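Trainee: I am new to this structure and would like to take a close look at one part of it. Could you walk me through that part slowly, with the reasoning behind each step?

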Amino acid sequence: MADYYHEMGWRELGDGEQPNHLLHMARFLIDCGLYEDNFTGEWPRLPPAASKEAVKNLKEVVIEEVSEQNCPICLKKFRINEKAKEMPCQHLFHEKCIITWLNQTNSCPFCRYELPTDDEGYEAFKKEKKRAEQRKEDIETLHNSMFS
Ligand SMILES: [Zn+2]
Ligand SMILES: [Zn+2]
């Protein structure tokens, strides 16, 4: 491990110094440009809660007919005249169930459709993810135009 850090031009830790692996890793990725090119597209933890605005704007539905459909969160069937919320992906949930859920994380528990969040860091991450995907497409397009 010492050689590895040496190659990277970092000094070894002195007595009593604590390594900071995350920081090392982040610097390693940035120094080598890997962060940009090997963007993994994964958020390292549960995405943040959905924005209050997005939750407020969810479509309200009143269940009008008996169906075999369950709320994917509590797994109970919807009852007639029960209020439900519809996500933009058209999945239905009990109002209470989905609001509790969206206070934890921003995506549909059924299909992972994502609502916007109030978290700047996460929104920046999503933009970067899009850019990384776009870049990949651009490279493929370029590749195809050169080799076909
Ligand atoms: Zn429910
Ligand atoms: Zn969904």
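Mentor: Let us begin with C108, which is buried because its relative accessible area is 0%, and keep in mind that we are looking at a predicted model. C108 is one of the protein donors of the zinc ion (ligand 2), and its SG atom serves there together with C89 (SG), H91 (ND1) and C111 (SG), at distances of 1.9 to 2.4 Å from the ion. Along the chain these donors follow the spacing C-x1-H-x16-C-x2-C. The four donor atoms subtend angles of 104 to 117° around the zinc ion (ligand 2), and the arrangement is therefore tetrahedral. C111, in contrast to a buried residue, counts as partly exposed because its relative accessibility is 37%.

From the zinc site we can move on to E114, which lies in the loop between α5 (95–102) and α6. E114 forms a salt bridge with K126, and the closest N and O atoms of the two are 3.9 Å apart. This pair links distant parts of the chain, since K126 belongs to helix α6 and the two residues are 12 residues apart. E114 has a relative accessibility of 30% and so counts as partly exposed, while K126 is also partly exposed, with a relative accessible area of 22%. The pair does not stand alone, as E114, E123 and K126 are linked in a network of salt bridges.

Helix α6 itself, which covers residues 120–147, holds Y122 and F125, and because they are three residues apart they are separated by about one helical turn. Their ring centres lie 5.6 Å apart and their planes meet at 25°, so the pair is stacked. Both Y122 and F125 are buried, and a search of the whole structure finds one aromatic pair.

Further along helix α6, E128 and R131 are likewise separated by about one helical turn, because they are three residues apart. Their side chains meet in a salt bridge with an N to O distance of 3.0 Å. E128 is buried because its relative accessible area is 10%, under the 20% cut-off, whereas R131, with 46%, is partly exposed.

A word on confidence should go with this picture. The mean pLDDT of the protein is 82, and 74% of its residues reach 70 or more. Confidence is lowest in helix α3 (residues 34–37), at a mean of 48, and highest in helix α4 (residues 52–56), at 96.

Methods:
Residues are numbered from 1 along each chain as its sequence is written. Chains are lettered from A and ligands numbered from 1 in the order in which they are written. This is a predicted model: local features need pLDDT of at least 70, side-chain atom pairs count only at pLDDT 80 or more; totals for chains, interfaces and linings use all residues. Side-chain values use heavy atoms; hydrogens and water are left out. Donors are N, O and S atoms within 2.8 Å of the metal (3.2 Å for Na, K and Ca); water is not among the atoms, so sites may look incomplete. Four donors count as tetrahedral if all angles lie between 85 and 135 degrees; four count as square planar and six as octahedral if opposite donors are over 155 degrees apart and all others between 65 and 115; anything else is irregular. Buried means under 20% relative accessible area, exposed over 50%, partly exposed in between (1.4 Å probe, protein chains only). pLDDT is the predictor's confidence in each residue, from 0 to 100. Helices (H or I, at least four residues) and strands (E, at least two) are DSSP runs, numbered from the N terminus. Rings of Phe, Tyr and Trp (its six-membered ring) pair if their centres lie within 6.5 Å; planes under 30 degrees apart count as stacked, over 60 as edge-to-face and the rest as tilted. A salt bridge is a side-chain nitrogen of Lys or Arg within 4 Å of a carboxyl oxygen of Asp or Glu.
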